[in-house]
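I opened the notebook to look up cross-links, charge pairs and strand pairing. My entries follow in the order I looked.

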Amino acid sequence: MSRASVLLFACLASFCSLTMADVSLSKSLITPSPGKTNSVTCTVTGETFIGWYKPDGTKVLTSSSEKIYVETTGTKYTLKITAVKVSYGGTYTCRGSSNSKSLRVHVEFDTSDVVHVQHIVIGKEGTIRLGVDGFPTPKYTWKKGSRVLGPNVDSRYSVLADGSLKISKVEKSDRGNYTCGIEQDGAEEDVKIEVYAVELPKIKPFAQTRRFLTEGYPATFLCEATGFPLPKYKWFSPTGGELRKYGNINIQDGNLTFTKVDNAFERGNYKCEAYIEIEETKKQVGPAEAFVKVVEVYVAPDINPTQGVTEDVKMNGDYKLICKATGNPTPNVRWTRNGEKDPRQQQTAGQSMIEFKEIQMGDGGVYTCEAWNNAQDRDGNLIIKKLNKTINVESKPIYDEMASPSPVFSYVGNSDPTYIRCVYDGYPKPWVRMTFGGKLKSNGTGKAEFKIITNAIKYFGDYKCSAKNKFGWTNKTVKLETAKKPGQIQNLKLTSTCNSIKLTWTPPSENGGMPVNKYVLNYKSTTRNIDSDSTTYTIKNLERNTAYKIDVRATNKADWGDTSSVETKTTQFCAPGRPIIYSPKNTLLTKDKFTLKWRQPEDDGGDGNIRYKLQYRVERKGSDGPWKTIETDKEEAEISQLDNKEKYKFVLIAINKGGESEKVETYFDTNYPGARSSQSRLVSRAFLSIFLGGIYLFL
């Protein structure tokens, strides 16, 4: 056979082989539903089967334990896809040694698992869950009512890969009905979701987290939470059981009330739970918890009322005043009189006693026994049990010197009434008589009082008083005398300026029997009356550099006292008025230097040659800086080298020959870029010093 014939035969053989080789598929497109099983057969003839390949290029295995595997029967190679997932979608390839065929797997979307009532939290990122995937990826169109939602409409919205709608910051207005339109390979479906925008509950801190209750009293635990919609509440007992309205338990809103606590009341932690309820589904969202602990149940103090019986006690005898109280814990007990604790008492557990040795009239009266322990009422107020006891000290009449002054002063011609009183103590209350010149002027129980207008000298003299009870008589004389003039005022002093004189003094040591009713001040041809309760006066609008003589005396209703005099001279100059700072207006300085400007005082005090003293310093709590001083005759000052991030205090004073003006104070804060505060620089320097010192010691 010739060489040409051999070549021809080989070519024919090769051609025949190529024309007989083939790879074919039973289907070129499948659209399985998620969770289903699908298979496609690849037939390979006239060539070698290489394998099935996944969309990611990896080879499909032949093990049936795989979710996707190849089953071989002769020249048929079947691709098995079990429990289909969206991730299985894509283009699969059946390869022979010479040829290959492609299979497109489209996975249908499935809306059966969509939750149609959902909630999102106000103020936080929220997602309306769709969870619908498919291959190829479906197109999602979200609407609320007729409004289309998406990032091109509002930057708060974005659509996730599974079609869920994410809201970057949820608002109350995001509540409502949403529709998501889904499209894939010509299939369409609208999914409706009702969305509740909620604010998760937060329970306000309890005023008391540890409670001590009182037997026989109500107790209320207040639980208040914020949230939207309005939270609902549950209460749980220390054993974990939910408490409900029943018997002596009342629950309203978040408040738990026990109408009456007994000693068997359950101690321990009571829990308040606040939650938001989704109206449509009654689902409870975001429970918040808070606890209040009932530590103990107290028994309020009690005092036997028989201990409050009034008692009569003979004067100069011995007597014990005792009060006892019961309760749990054992009460504290004390005696008070006129609202004050009696210092004579002896206190022991559950009892207080006052022991009188030779009891006197002043020991009689009303005593109050007070008992308390830790028990509180429903409002948290300490329960104090009180019982009054009256002690009557039996004695003959005793004259009351404080209530019956003697002598009494008036003057002839006094148009105001004068009162003469005789007041007696004693038990039983005595009968009192007052006579003058042998004639009865007044009588009464415990007191005789006579009102008189002293328009004649005959009314002055001795008024006789007598008091009687079953234990005897007591007599006393009250004198009505003529009042005298008051003494001179004391310690008259003065301070002068260019146009004023300030006077101070102290009242006279003797008032002549009647109160000082005014002070009379005279200078030149001027008279001033000054109230008796004032011992200072400033004379204003005087002439400069002028001598003045000033007289001051006290008066009462009966007469004028003797004069006290003082002489002085006003000065030529007064201190100037306050300067007025007007620049800078902004109290925040953004540089380390500035110019402080002010206007000269409106009043120069008669001396226009005014100088100024300006002081300033850093003010820090507990570590003020040193004062820096600038003196100038200008109405401005240059301030520089200010430390950053500090508060500065400035004090400005105007000065002339008359003295210093009142201070003007102002504050400025510094905050400029490129520098740290002086404190931070000090800390850095201190750290550097310590660091270098350490290196030195090491070397």
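**Entry 1: salt bridges**

I count a salt bridge when a side-chain nitrogen of Lys or Arg is within 4 Å of a carboxyl oxygen of Asp or Glu. The model is predicted. I looked first at Glu646 and Arg620, which form a salt bridge with their closest N and O atoms 3.2 Å apart. I then placed the two residues along the chain. Glu646 is in the loop between strand S53 (636–639) and strand S54 (647–656). Arg620 is in the loop between strand S51 (611–618) and strand S52 (628–632). The pair links distant parts of the chain, 26 residues apart.

Is Arg620 buried or exposed? I took buried to mean under 20% relative accessible area. At 19%, Arg620 counts as buried. Glu646 is buried as well, with a relative accessible area of 6%.

I ran the search over the whole structure and found 31 salt bridges. I pulled out another pair, Arg175 and Glu279, whose side chains meet at 3.8 Å, N to O. Arg175 lies in the loop between strand S14 (165–167) and strand S15 (176–184), and Glu279 lies in the loop between strand S24 (268–277) and strand S25 (284–303), so the salt bridge ties together parts that are 104 residues apart in sequence. Arg175 is partly exposed, with a relative accessible area of 33%. Glu279 is exposed, at 53%.

I also noted Arg244 and Glu242, whose side chains meet in a salt bridge of 3.2 Å, N to O. Arg244 is exposed at 56% relative accessible area. Glu242 counts as partly exposed at 32%.

Which residues are linked in a network of salt bridges? I found Asp154, Arg156, Glu171 and Asp174 linked in this way.

**Entry 2: disulfides**

A disulfide is a covalent bond between the sulfur atoms of two cysteines. My search of the whole structure found 5 disulfides. I numbered the bonded cysteines of the protein chain in sequence order and read the pairing as 1-2, 3-4, 5-6, 7-8, 9-10. I then went through three of the bonds.

I began with Cys42 and Cys94, joined with an S to S distance of 1.9 Å. The torsion about their S-S bond is about -85°, so the disulfide is left-handed. Cys42 lies in strand S3 and Cys94 in strand S7, so the pair ties together parts that are 52 residues apart in sequence. Both Cys42 and Cys94 are buried.

I went on to Cys223 and Cys272, joined at 2.0 Å, S to S. Their S-S torsion is about -85°, so this disulfide is left-handed. Cys223 lies in the loop between strand S18 (219–221) and strand S19 (225–228), and Cys272 in strand S24, so the pair ties together parts that are 49 residues apart in sequence. Both Cys223 and Cys272 are buried.

Which hand does the link of Cys422 and Cys465 have? I read 65° about the S-S bond, and the link is right-handed. The sulfur atoms of Cys422 and Cys465 are 1.7 Å apart. Cys422 is in strand S35 (residues 418–427) and Cys465 in strand S39 (residues 461–469), 43 residues apart. Cys422 is buried at 0% relative accessible area, and Cys465 counts as buried at 3%.

**Entry 3: strands around Cys94**

I returned to Cys94 to see its strand. S4 and strand S7 (residues 90–96) pair in the antiparallel sense over 4 bridges. The bridge partner of Trp52 in S7 is Cys94. Cys94 also has its disulfide to Cys42.

I then read the sheet order, which is S2-S8-S7-S4. This is an open sheet of 4 strands with mixed pairing. Its edge strands are strand S2 (29–30) and strand S4 (49–53), and each pairs on one side only.

**Entry 4: Lys36**

I found Lys36 in the loop between S2 and strand S3 (38–45). What is Lys36 in contact with, leaving aside its neighbours within four places in sequence? I listed Ile81, Thr82, Ala83 and Val84. I also took the separation of the C-alpha atoms of Lys36 and Asn469, which is 118 Å. These residues are 433 apart along the chain.

**Entry 5: record against model**

I checked UniProt, where an unreviewed entry lists residues 55–194, 201–286 and 301–388 for "domain: Ig-like". Residues 55–194 are 0% helix and 46% strand in the model, with the end C-alpha atoms 38 Å apart. For residues 301–388 I noted 0% helix and 60% strand, with the end C-alpha atoms 15 Å apart.

How values were computed: Residues are numbered from 1 along each chain as its sequence is written. This is a predicted model: local features need pLDDT of at least 70, side-chain atom pairs count only at pLDDT 80 or more; totals for chains, interfaces and linings use all residues. Side-chain values use heavy atoms; hydrogens and water are left out. Helices (H or I, at least four residues) and strands (E, at least two) are DSSP runs, numbered from the N terminus. Buried means under 20% relative accessible area, exposed over 50%, partly exposed in between (1.4 Å probe, protein chains only). Two strands pair if DSSP finds at least two bridges between them. UniProt positions are given in the numbering used here, feature names are shortened, and annotations may be inferred rather than shown by experiment. Contact means heavy atoms within 4.5 Å. A disulfide is a pair of cysteine sulfur atoms within 2.5 Å.
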